[in-house]
Amino acid sequence: MAARLSIFFLFVFPMAASAASVFDKVTGDQPLCYGREYSDVVMKAHPKQTVQKIQAKLEKDTQYNQNILNIEITLKGVKNRYKNYRAMLFCDQNDDCFGECDGGSAKLSLLSDGRLQLTNNGFIIQGGCGGEGEDDGVMLPPTPGGDDVFKLTKLPSAFCQKVELRE
């Protein structure tokens, strides 16, 4: 019985220890940033993808002990070429992130090569809370083979100051 218990702990605890949050290295004054800009070649190869550029800023609000994911997105196409959309999601200890006002969700995970994987479950990238004078909101749906999974590269800390939710 003791041998079985030892084998159980040998397999269970290393797995639990490796399940670190992507926010573990984020402090109140040291956010982490990731991003990716897709080339025209990649965009043509993935016609269902609408995101041309994406940046993610992982922050901790130390006052409220809250993990925050700020996302800035540029959509492809002439109409949206210079318009950036921004979203702010609140993340739990399992790196599941949720937008306010039923604004959708995303899942974060670190890949073995150090990149951040953002799995889009569908979230609002503009508006959505129904405030006075506000449009219905713009949703980024999780299109399979398009805007469902993003693998982002860690960016230098200088980029972290550029990704902000602006009111």
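Met-88 counts as partly exposed, because its relative accessibility is 27%. That value falls between the cut-offs, since buried means under 20% and exposed means over 50%. The residue belongs to strand β4, which covers residues 84-91. Met-88 can also be placed relative to Glu-100. The two are 12 residues apart in sequence. In space, their C-alpha atoms are 8.2 Å apart.

These values come from a predicted model. Confidence was therefore examined along the chain. The average pLDDT of the protein is 81. A score of at least 70 is reached by 77% of the residues. Residues 1-18 are another matter: over this stretch the pLDDT is below 50. Beyond near neighbours in sequence, residues 1-18 have 1 contact in the model.

The protein contains 3 helices and 9 strands. Read from the N terminus, the order of elements is α-β-α-β-β-β-β-β-β-β-β-α. A helix thus opens the series, and a helix also ends it. Strand β4, the element that holds Met-88, spans residues 84-91.

The whole protein was then considered. It has 167 residues, and buried residues account for 34% of them. Contacts were grouped by separation in sequence. Of those between residues at least 6 apart, 48% join residues at least 24 apart. The surface was treated in the same way, as a total for the protein. About 10,400 Å² is exposed. Carbon and sulfur atoms supply 54% of that area.

Definitions and conventions:
Residues numbered from 1 in each chain as written. Predicted model: local features only at pLDDT ≥ 70, side-chain atom pairs only at ≥ 80, totals over all residues. Heavy atoms only, no water. Helix = DSSP H or I, 4+ residues; strand = E, 2+ residues; numbered from the N terminus. Buried < 20%, exposed > 50% of the residue type's maximum accessible area, 1.4 Å probe, protein only. pLDDT = per-residue confidence, 0-100. Contact = heavy atoms within 4.5 Å. Areas by Shrake-Rupley, 256 points an atom, 1.4 Å probe, with all protein chains shown as cover.
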